[in-house]
Each structure stands twice: as structure tokens, then as C-alpha cells.
Amino acid sequence: MARAQNAALARVAVVVRAPVSLLWWPGLLSAAVGGLVPGLTGRRIGLLAGAALFLIAAAVAFSVRRNRYKELARGVTRAGRTVFLQDRHVTIRNWRRARRWWLLLAFLASVGSSFAVPSAAGLALAGVGAGLWAKSMWLGGLERGTDTLLWVRTEWAKASPAGKDVSGYLGTGLAAGDALPGGARRPRARGVRGGRTVSAAR
């Protein structure tokens, strides 16, 4: 992939990490609410089913498209000096804003399903969040292993940072941007603010 000039880039790991807290905490809250009602199956069966769904959902969320991520990471192109690095909070805000109604519907559906199988859907929702968090950590390992942060053009990542519209990743050095490998917030004292062109930190 040719180097993008004057392109806005979002961190791949940050996009993957964006829904984690909005799946994990609402999922646990939904599971707790479900524990207050007996449901059709009873609380014990609901919790056992929920535990199984948590593990399945986490495994699926962690494993889906991993080969695609590795393929794109292997073909990473060094970012040019005129690209614009999107701040971590902007990437997360944009992702959540575009999907806020789907996230709300998922939470309401998980609460409503507790009247049939208590807590199960809520734990499944939390499992997806856990799997995506684990995937962001796995991406962080890829970044540390190659000393390269992975970035994707913002217009390509609207559906998925590893979707069919993504033709390649751009890379910078580990000090670029305001997020650590894996997408966690970089400590402010050590950080290089995002929203700027790539610097010598590449």
C-alpha cells in the first residue's frame, strides 16, 4: 500500500478496545438485574448457561479475524510525515457515537431476556467485552514485537479495522500518539499528544 499523505489515522488497537467498557459493565449490570428474577429456567440454570455463554462469547470475540489482523500487520507500511494521528479519546468517542443505539438495544435485550433465562445474555455481553479486551492486548503484543504501532485510515475502519475495505495498515514508532501498545491510555507525563503529524518518534 502506498504511503497515505495527509490522511487521518486511528489506532487499530484503540478501535478494537472502544466497545469494551460499554459491553463489560452493562453486561455485568444486566446479569445482576437478572439475578433478581427467577425467570422461566430458574437462577441456577441461568447462571450456569451464562457462564458457558461468557466463555464462548469471549473466545469468539478474541479469535474472529485474527488471521486478517496478522496479515495486515505483516504488510504494514511506514507512515509518512504528513499523516494526522487521531487522539485516542476521539477514536473511542466516534466509534461509540456511531453505535450507541445498537449498544443500548443490546443492553435492553439482555435485561429483557432475564425473564426467560436469568443473567445469561448479560454474561454473554460481558464475555464479548472481555474477548475484545484480550484481542487488544494481543494486538499490543504484535506491536511490541515489531516495535511498530498499527494505524488504519479512519474512513476504512468505520465497519471494522480488519474489514474488507481495509487494504493495509500504516505504522509508526512506539512513542507516537497518545495510546500505548494495545490501546491503553498513555500516561500523560510520558505521552506524545495525538492529533498531530507524525514526528521523529516514528
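**Notebook: rings, cores and surface of a predicted model**

I began with Leu 104, which is partly exposed at a relative accessible area of 37%. I note at the outset that the model I am reading is predicted.

*Entry 1. Leu 104 and its surroundings.* I placed Leu 104 in helix α5. I then looked up the nonpolar surface patch to which it contributes: Trp 101, Trp 102, Leu 104, Leu 105 and Leu 108 make up about 610 Å². Membership of such a patch requires over 30% relative accessible area, and Leu 104 has 37%. I recorded for context that nonpolar side chains in soluble globular proteins tend to be buried together.

*Entry 2. Nonpolar cores.* Which residues touch the most other members of the largest nonpolar core? I found Val 12, Tyr 69, Leu 132, Leu 139, Val 152 and Tyr 169 in that position, within a core of 27 residues. At least two residues of this core come from each of α1 (12-17), α2, α4 (66-74), α5 (88-113), α6 (120-146) and β4 (149-153). Helix α1 gives the largest share, five residues. I also noted another core of nine residues, lying apart from this one and including Ala 7, Ala 79, Val 83 and Leu 149.

*Entry 3. Aromatic pairs.* I searched for paired rings and found two aromatic pairs in the structure. In one of them, Trp 24 and Trp 25 meet edge-to-face, at 6.4 Å centre to centre and with 75 degrees between the planes. I checked the accessibility of both residues: Trp 24 is partly exposed at 28%, while Trp 25 counts as exposed at 57%.

Why is the pair of Trp 24 and Phe 54 edge-to-face? The planes of these rings stand at 65 degrees, with the centres 6.2 Å apart, so the pair is classed as edge-to-face. I then located the two partners in the chain. Trp 24 belongs to helix α2 (residues 20-34) and Phe 54 to helix α3 (residues 43-63), so their pair ties together parts that are 30 residues apart in sequence. I found Phe 54 partly exposed, at 22% relative accessibility. Ring pairs thus link Trp 24, Trp 25 and Phe 54 into a cluster.

*Entry 4. Charges over rings.* I looked next for arginine side chains placed over aromatic rings. The charged end of Arg 11 sits over the ring of Trp 151, at 5.7 Å from the ring centre. For Arg 66, the charged end sits over the ring of Trp 138, at 5.0 Å from the centre.

*Entry 5. Backbone at two loops.* I examined Arg 65, which is not a glycine yet has a positive phi of about 65 degrees. Arg 65 lies in the loop between α3 and α4 and is partly exposed, with a relative accessible area of 44%. I made a further note on Ser 119, also not a glycine, with a positive phi of about 75 degrees. Ser 119 is found in the loop between α5 and α6. Is Ser 119 buried or exposed? I found a relative accessible area of 1%, so Ser 119 is buried.

*Entry 6. Leu 174.* Finally, I looked up Leu 174, which is in the segment after β5 (170-172). Leu 174 counts as partly exposed, at 27% relative accessibility. I also looked up its separation from Ile 92, which is 82 residues away along the chain. The C-alpha atoms of Leu 174 and Ile 92 are 20 Å apart.

Key. Residues are numbered from 1 along each chain as its sequence is written. This is a predicted model: local features need pLDDT of at least 70, side-chain atom pairs count only at pLDDT 80 or more; totals for chains, interfaces and linings use all residues. Side-chain values use heavy atoms; hydrogens and water are left out. Rings of Phe, Tyr and Trp (its six-membered ring) pair if their centres lie within 6.5 Å; planes under 30 degrees apart count as stacked, over 60 as edge-to-face and the rest as tilted. Buried means under 20% relative accessible area, exposed over 50%, partly exposed in between (1.4 Å probe, protein chains only). Helices (H or I, at least four residues) and strands (E, at least two) are DSSP runs, numbered from the N terminus. A charge sits over a ring if NZ of Lys or CZ of Arg is within 6 Å of the ring centre and within 35 degrees of the ring normal. A nonpolar core is a set of buried Ala, Val, Leu, Ile, Met, Phe, Trp, Tyr and Cys residues joined through side-chain atoms within 4.5 Å. Patches are made of residues with over 30% relative accessible area and no salt bridge: like charges are joined within 9 Å, nonpolar side chains (Val, Leu, Ile, Met, Phe, Trp, Tyr) within 5 Å. Accessible areas come from the Shrake-Rupley method with a 1.4 Å probe; for residues, only the protein chains shown count as cover. A salt bridge is a side-chain nitrogen of Lys or Arg within 4 Å of a carboxyl oxygen of Asp or Glu.
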